[in-house]
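Trainee: Please take a close look with me at a single part of this model, and then follow its connections outwards. I would like the cut-offs stated as the terms come up.

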Amino acid sequence: MDTIYMPNLRILKRIARESGLKEFWLGGSITYYQVAKKMGITFDCKDYDLAIKGGKREYASVKQKLKEHGFHIIKNRPYYLKFQKAFQIIAKKGDIQLDIAIVNELSCLGHFNFECIFWNFPSGKLYDPYNSLDAIKKKNLIPIISPKDENPFILTSRFVKLCARFNIDFINNKKLYIFSKSLAKLMRKWKTANKFHGKYAKEHTYFGMLQAILRSKERKVFIKRLQMSGILNAIFPEIGRKLKNLNDINNEIENAKTPEDIVRILRHFLKNDKK
């Protein structure tokens, strides 16, 4: 096995030592960081995404264990993954931050093949059921669920961020184009009284979209792809309706550094369009 595919045992052991957790799965971008770096794609890994099998009892146990080991609990709540109830704990201690999902099965995690890479502790083994590390090198992003199997806003946020990170053209890829059009259609029709699936999911996607634009290599091109797929119109309809030409957006967007910068530039576009 290529050494860049191998789980980083130092990271796994540090998480276990600092948290007191005896068994967990580490997922997220850290698992493909070295592969991406070799492709010239770099990013910060700001936290560690852990998965622990269990339910309400394990949720309480993990919280207690983290507190005993000096972690500050930033957030803890029940939430949903693929419409299945799960639990989330975000905890911080010094320079280490954990984002922990308590799930019935590992299959609750991952909406795309790139998200289904895990390192196990204590075995130190790699779990890559979709051969995703090789797929990442080829930029072969594959949805592993139907658009109808997850909240379309949450699924869209994950989709656009992955496409931006790896500069994936989801318009000229027929399967991803159909997938993106389905997401846009579902978002436009989405109605729910549930706070998580309504207000939270939409806010999560608004911020995810801004993050994706910041990540993208050519931001105007990326915005055009969002528009062509219908995603831009579904999330930011006022911008989608009024954007006729990419030149309408200030070139300053290519140098924006924060989500706030993107918001300011887009507001300026809307303000000028109304004149």
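Mentor: The answer below begins with one strand of the sheet and then turns to rings, cores and helices.

This is a predicted model, in which local features need pLDDT of at least 70 and side-chain atom pairs count only at pLDDT 80 or more, whereas totals for chains, interfaces and linings use all residues. Residues are numbered from 1 along each chain as its sequence is written, and side-chain values use heavy atoms, with hydrogens and water left out.

The part I would choose is strand β6, residues 118–121; strands here (E, at least two residues) and helices (H or I, at least four) are DSSP runs, numbered from the N terminus. From β6, F118 and N120 point one way while W119 and F121 point the other way, and all are buried, where buried means under 20% relative accessible area, exposed over 50% and partly exposed in between, with a 1.4 Å probe and protein chains only. In a regular strand the side chains alternate between the two faces of the sheet.

On one side, β6 pairs with strand β1 (residues 24–27) in the antiparallel sense over three bridges, pairing being assigned if DSSP finds at least two bridges between two strands. Within this pairing L26 stands opposite W119. The strand also runs antiparallel to β7 (residues 126–127), to which two bridges join it; there, W119 has L126 as its bridge partner, and F118 has Y127. Four residues lie between the strands in this hairpin of β6 and β7, where G124 takes a positive phi near 75°.

These strands belong to an open sheet of seven strands with mixed pairing, in the order β3-β4-β5-β2-β1-β6-β7. Because β3 (72–81) and β7 stand at the edges with a single partner strand each, one side of each is left without a neighbour in the sheet.

The residue opposite F118, Y127, leads on to the aromatic contacts. The whole structure holds 18 aromatic pairs, counted for rings of Phe, Tyr and Trp (its six-membered ring) with centres within 6.5 Å, where planes under 30 degrees apart count as stacked, over 60 as edge-to-face and the rest as tilted. One of them is formed by W25 and Y127, at 5.7 Å centre to centre with 65° between the planes, and is edge-to-face. This pair links distant parts of the chain, since W25 lies in β1 and Y127 in β7, 102 residues apart. W25 is buried at a relative accessible area of 18%, whereas Y127, at 37%, is partly exposed. The rings of F196 and Y200, by comparison, have their centres 4.9 Å apart and their planes at 20°, so that pair is stacked. Both residues lie in helix α7 (residues 196–215), four residues apart, about one turn of the helix. R77 lies over the face of Y200, at 4.6 Å from the ring centre, a charge being over a ring if NZ of Lys or CZ of Arg is within 6 Å of the ring centre and within 35 degrees of the ring normal.

Ring pairs also link Y32, Y33, F43, F114 and F166 into a cluster, and R165 lies over the face of F43, at 3.9 Å from the ring centre. Y32 is in contact (heavy atoms within 4.5 Å) with F43, F114, I117, L133, I136, L162, R165 and F166, leaving aside its neighbours within four places in sequence. Y32 and F166 are also among the residues that touch the most other members of the largest nonpolar core, which has 68 residues; such a core is a set of buried Ala, Val, Leu, Ile, Met, Phe, Trp, Tyr and Cys residues joined through side-chain atoms within 4.5 Å. Helix α5 (residues 152–165) gives the most to this core, with eight residues. Apart from it lies another core, of 25 residues, including A16, L21, Y59 and A91.

A16 is also one of the buried residues of helix α1 (residues 9–19), together with I11, L12, I15, E18 and S19. This brings us back to the starting strand, as the buried residues of α1 pack against β6 as well as β1, β2 (48–53), α3 (56–68), β4 (84–93) and β5 (96–103). After α1 comes G20, with a positive phi near 80°.
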